[in-house]
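Got your viewer open? Let's take a walk through this structure, one selection after another.

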Amino acid sequence: MTFGKKQTRILLLCAAALAFTAGPGPLPIAPAAYAASEVAAVVNKTAITTGDVAKRIAFLRLQRRKGDLKKIAREEMVDETLKRQEIARVGMSVSTDEVDAAFERFASSNKLSVQQLTGILNQAGVTADHFKAYIAVSMSWPRLVNARYGSRGKLSSQEVATRLLERKEKPVTTEYFLKQVIFVVPANKKGIVGKRKSEAEASRSKFPGCDQAMEFAKNYRDVSIRNLGRVLAPELPEEWKPLIEKAKDGTTGTRVTERGVEYLAICNQRQVSDDVAAEVVFRAEDLGKDKATDNPNAQKYLDDLRSKAQIVYR
């Protein structure tokens with residue numbers, strides 16, 4: 001099977017290292033169901049099939065990797081399974097909505113529809129499901145490493161002052177005061193998500209403002225209000241940023257999360273340039289630099305998981 005130049009370029013992009021930002025999202029990542037007839041390896045009682053390995057081999061070929069691709073693919077799948085198990089254990093995985101959104105953004109950035117990208121991946125033997133499983137771990141693993149080992153923390157007053165002198169002016173950012181409106185969906189009633197989403201969407205036009213939020217919630221069944229307080233733009237979770245930027249009439253669009261259907265109410269927003277804002281901006285810049293390079297603790301974490309795991313090759 002052959003591919004055109006554009007398809008080949010897109011597939012190579014798929015195979016490239018993915019740089020995703022991470023916000024909170026506790027839905028567990030479920031292993032994708034791949035059709036296969038044999039077990040290639042077992043990791044802590046989780047089977048890796050020959051089908052899984054075959055898809056990863058196809059992925060490696062897109063990267064033009066050299067060497068024993070079968071062995072490399074099997075080891076990558078073992079590592080990925082260990083990561084997925086740890087992500088699920090700690091409860092720090094991204095949601096399926098976030099993965100789908102990342103997949104859609106990737107397709108859009110390459111001037112493809114989701115259906116076209118899916119077709120290309122399927123033709124290559126990778127499959128969209130395998131690529132999405134890869135995306136899910138790639139998004140979740142860095143946040144887990146940061147949670148365990150920490151990222152750059154609070155800057156000292158001296159560090160902030162030094163950087164302000166270097167920049168000669170304080171950075172400006174947006175300050176938000178937010179409330180979170182949650183139309184709760186119990187874990188055992190996921191079938192009502194569509195209905196709850198419709199209710200949440202309809203309620204946005206009736207939202208009376210943050211001061212009356214609690215009274216507003218009483219008009220609906222199983223709706224809770226969370227006061228998020230002051231949040232600076234660099235601190236916004238990535239999944240909420242575009243919705244806040246596009247917010248109209250004081251509320252954002254809705255998102256389906258592990259809690260139910262949510263949207264944010266923007267109680268107030270303004271531009272600020274105080275010392276606290278400066279520190280937050282500087283930390284965000286530092287975090288961006290960290291993400292541009294591999295975190296050495298990631299391999300340390302993975303090695304620790306491997307040392308404690310029961311791995312059986314077939």
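Below is a tour of a sheet, a helix, a disulfide and two cores. Keep in mind as you click that this is a predicted model.

**Stop 1: the sheet**

Start by colouring the strands. You're looking for an open sheet of four strands, in the order E4-E3-E6-E5, with antiparallel pairing. In general, strands of a sheet pair through backbone hydrogen bonds, either parallel or antiparallel.

Which strands stand at the edges? Select 223-232 for E4 and 255-256 for E5: each has a single partner strand, so one side of each is left without a neighbour in the sheet.

Now go across the sheet pair by pair. Select E3, residues 173-184, which pairs with E4 in the antiparallel sense over nine bridges. To see one spot along that pairing, show Ile182, which stands opposite Ser224 in E4.

Next comes E6, residues 260-272. How many bridges join E3 and E6? The count is twelve, again in the antiparallel sense. Pick Val181 and you'll find it opposite Tyr263 in E6.

Finish with E5 and E6, an antiparallel pair with two bridges. These two strands form a hairpin, with three residues between them. Show Val256 and Val261 together, since you can then look at two bridge partners, the second of them in E6.

**Stop 2: the helix on the sheet**

Keep the sheet on screen and add helix H8, residues 193-204. H8 packs on the sheet and touches E3, E4, E5 and E6. Turn the view to compare directions: H8 makes about 30° with E6.

Now zoom in on Ser203, which is found in this helix, H8. Is Ser203 buried or exposed? Its relative accessibility is 0%, so Ser203 counts as buried. To see what is around Ser203, show Phe183, Phe216, Tyr220 and Tyr263: these are its contacts once neighbours within four places in sequence are left aside. You've met one of them already, as Tyr263 is the residue opposite Val181.

**Stop 3: the disulfide**

Select Cys210 and Cys267 and show their side chains. A disulfide joins them, with 1.9 Å from S to S. A disulfide is a covalent bond between the sulfur atoms of two cysteines. A search of the whole structure finds one disulfide, so to speak your single stop of this kind.

What does this link tie together? Cys210 lies in the loop between H8 and helix H9 (213-217), while Cys267 lies in strand E6, so the pair connects parts that are 57 residues apart in sequence. Look along the S-S bond too: the angle about it is -90°, and the link is left-handed. Switch on a surface and check both ends: Cys210 is buried, with a relative accessible area of 15%, whereas Cys267 is partly exposed, at 34%.

**Stop 4: the cores**

Hide the sheet and select Ile48, Val53, Val78, Leu82, Trp141 and Tyr301. They have the most contacts inside the largest nonpolar core, which has 22 residues. Elements that each supply at least two residues of this core are strand E1 (39-43) and helices H2 (50-62), H3 (69-90), H6 (128-149) and H12 (296-308). Which of them gives the most? That's H3, with six residues.

Centre on Ile48 and show what it touches: Val39, Ala40, Ala41, Val43, Val53, Met77, Val78 and Thr81, not counting residues up to four places away in sequence.

For a last selection, try Leu117, Ala124, Tyr134 and Ile135. They are among the 21 residues of another core, which lies apart from the one you just visited.

Definitions and conventions:
Residues are numbered from 1 along each chain as its sequence is written. This is a predicted model: local features need pLDDT of at least 70, side-chain atom pairs count only at pLDDT 80 or more; totals for chains, interfaces and linings use all residues. Side-chain values use heavy atoms; hydrogens and water are left out. Two strands pair if DSSP finds at least two bridges between them. Contact means heavy atoms within 4.5 Å. Axes are lines fitted to C-alpha atoms, for helices over the stretch in contact, and angles run from 0 to 180 degrees between N-to-C directions. Buried means under 20% relative accessible area, exposed over 50%, partly exposed in between (1.4 Å probe, protein chains only). A nonpolar core is a set of buried Ala, Val, Leu, Ile, Met, Phe, Trp, Tyr and Cys residues joined through side-chain atoms within 4.5 Å. A disulfide is a pair of cysteine sulfur atoms within 2.5 Å.
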